Amino acid sequence: MELPYMNPYLESVGSPSFQTGCNFATGGSTILPANAASTNPFSFNLQLSQFFRFKNRALTLLSKDKELQNYLPAEDDFNKALYIFDIGQNDLDRVFYFPVSDEQVVAFISKLMSELNYGMKRLYDAGARNFWVHNTGPLGCLPRIIATFGKKPSNLDEHGCVASHNRAATVFNKKLHDMCLQFLAHSPEANITYVDIFSIKLNLISNYSLYGFQHPLAACCGYGGPPLNFDTRIACGVTKDLNGSIVTANPCNNTAEYINWDGTHYTEAANGFVADEILTGNYSDSPHLRNSPFLT
């Protein structure tokens, strides 16, 4: 897009430019509000609070000093901006560490949709009109998930991924798409582009060799060797005493051969593939452009 990377809101000290946007995303964040047990306090509700704080401060500062227009967005910029959402996989991930039935997982996902819808409505009411929503990827294909929940072959699908987690991701994505349609029905000026990240990533994993990869489910940076090169006891880059031996979870020699980097995140090469597929438009649904009326 030939645009600079967006500066993070939390790095506002100094003179960063927010003229082309601001990034409120943080690693490990969730849709549901964080609690004392959360690994990251910056859940969706807090990110929203940070956004409104940012907007109010930006407009206040601009009203006092016009020279700041080189660094801060004007009110019209906020209204025309593209609001991008890619969140929810951490919520899904954590629910499986507790004994839950399929019905409880579905109910939990519905709760996530309510929280996400409420946040998007707050943004819409404040003038946001353009929303770009990513669905969630095949959670069950992450080496960390396979190592933890895929020890029984019966738990794996035809791709070698944990079936329960991928089913949950599919339910999440269906409900997310439904939520987008309902949001549009109640927000007539909204534009939503829903991007099917799940299909892009599952296609990559299923047909990895066609796209130049050699290892679809193994971590590049990990410990343990094939098939997953992942050990839940030792994270990427860590040196540790395991059973009396000092070992290190080292990176692989050629990251471009791997889809997965560290058991959870994708490699630069895999992310490049995903980005290219997004930009084709083939995995995007823009229901606001359809001629048919929306049904709630």
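A pocket, for this tour, is an open set of grid points with protein on both sides within 12 Å along at least five of seven lines. Keep that in mind as you move around this model, which is predicted.

**Stop 1: a pocket**

Start with the second largest pocket, whose volume is about 310 Å³. Its lining counts 14 residues, and you can find the centre by selecting S12, F18, F54, L61 and L72, the closest ones to it. Colour the lining by class and you should see nine nonpolar, three polar and two charged residues.

**Stop 2: two helices side by side**

Next, select helix α1 (residues 44-64) together with helix α4 (residues 102-125). Their axes come within 10 Å and cross at roughly 5°. Angles under 35 degrees count as roughly parallel, so that is the description that fits α1 and α4. Now show side chains where the two meet: F44, L48, F51 and F52 come from α1, and their partners in α4 are E115, L116, G119, M120, R122 and L123. Sorted by class, this contact holds seven nonpolar residues, one polar residue and two charged ones.

While you have helices on screen, here is a handy rule for reading them. An α-helix has 3.6 residues a turn, so residues three or four places apart point the same way.

**Stop 3: a covered helix**

Move on to helix α7, residues 197-206. How many of its 10 residues are buried? Eight are, which leaves the helix mostly covered. To view the buried set, pick I197, F198, I200, K201, L202, N203, L204 and I205. Then bring up what those residues pack against:

- the helices α6 (163-186) and α8 (268-280)
- the strands β4 (130-134), β5 (191-195), β6 (215-219) and β9 (258-260)

**Stop 4: the loop between β6 and β7**

From β6, follow the chain into the loop leading to β7 (239-242), where P227 sits. Zoom in on the peptide bond between P226 and P227: this bond is cis, with omega at about 5°. In the loop between β6 and β7 you will also find N229. This residue is not a glycine, yet its phi is positive, about 50°. Is N229 buried or exposed? Its relative accessibility is 15%, so N229 counts as buried.

**Stop 5: another positive phi**

Finish at N243, in the loop between β7 and β8 (245-248). Here too phi is positive, about 55°, in a residue that is not a glycine. Turn on the surface for this last selection: N243 is exposed, with a relative accessible area of 71%.

Conventions. Residues are numbered from 1 along each chain as its sequence is written. This is a predicted model: local features need pLDDT of at least 70, side-chain atom pairs count only at pLDDT 80 or more; totals for chains, interfaces and linings use all residues. Side-chain values use heavy atoms; hydrogens and water are left out. Buried means under 20% relative accessible area, exposed over 50%, partly exposed in between (1.4 Å probe, protein chains only). Helices (H or I, at least four residues) and strands (E, at least two) are DSSP runs, numbered from the N terminus. Contact means heavy atoms within 4.5 Å. Axes are lines fitted to C-alpha atoms, for helices over the stretch in contact, and angles run from 0 to 180 degrees between N-to-C directions. Angles under 35 degrees count as roughly parallel, over 145 as roughly antiparallel, 65 to 115 as roughly perpendicular and the rest as oblique. Ala, Val, Leu, Ile, Met, Phe, Trp, Tyr, Cys and Pro count as nonpolar, Asp, Glu, Lys and Arg as charged, and the others, Gly among them, as polar. On a 1 Å grid over the protein atoms alone, a cavity is a set of points where a 1.4 Å probe fits but cannot get out, and a pocket is an open set with protein on both sides within 12 Å along at least five of seven lines; lining residues have an atom within 4 Å of a point. Grid points are joined across faces, edges and corners, and a volume is the space filled by probe spheres set on the points.
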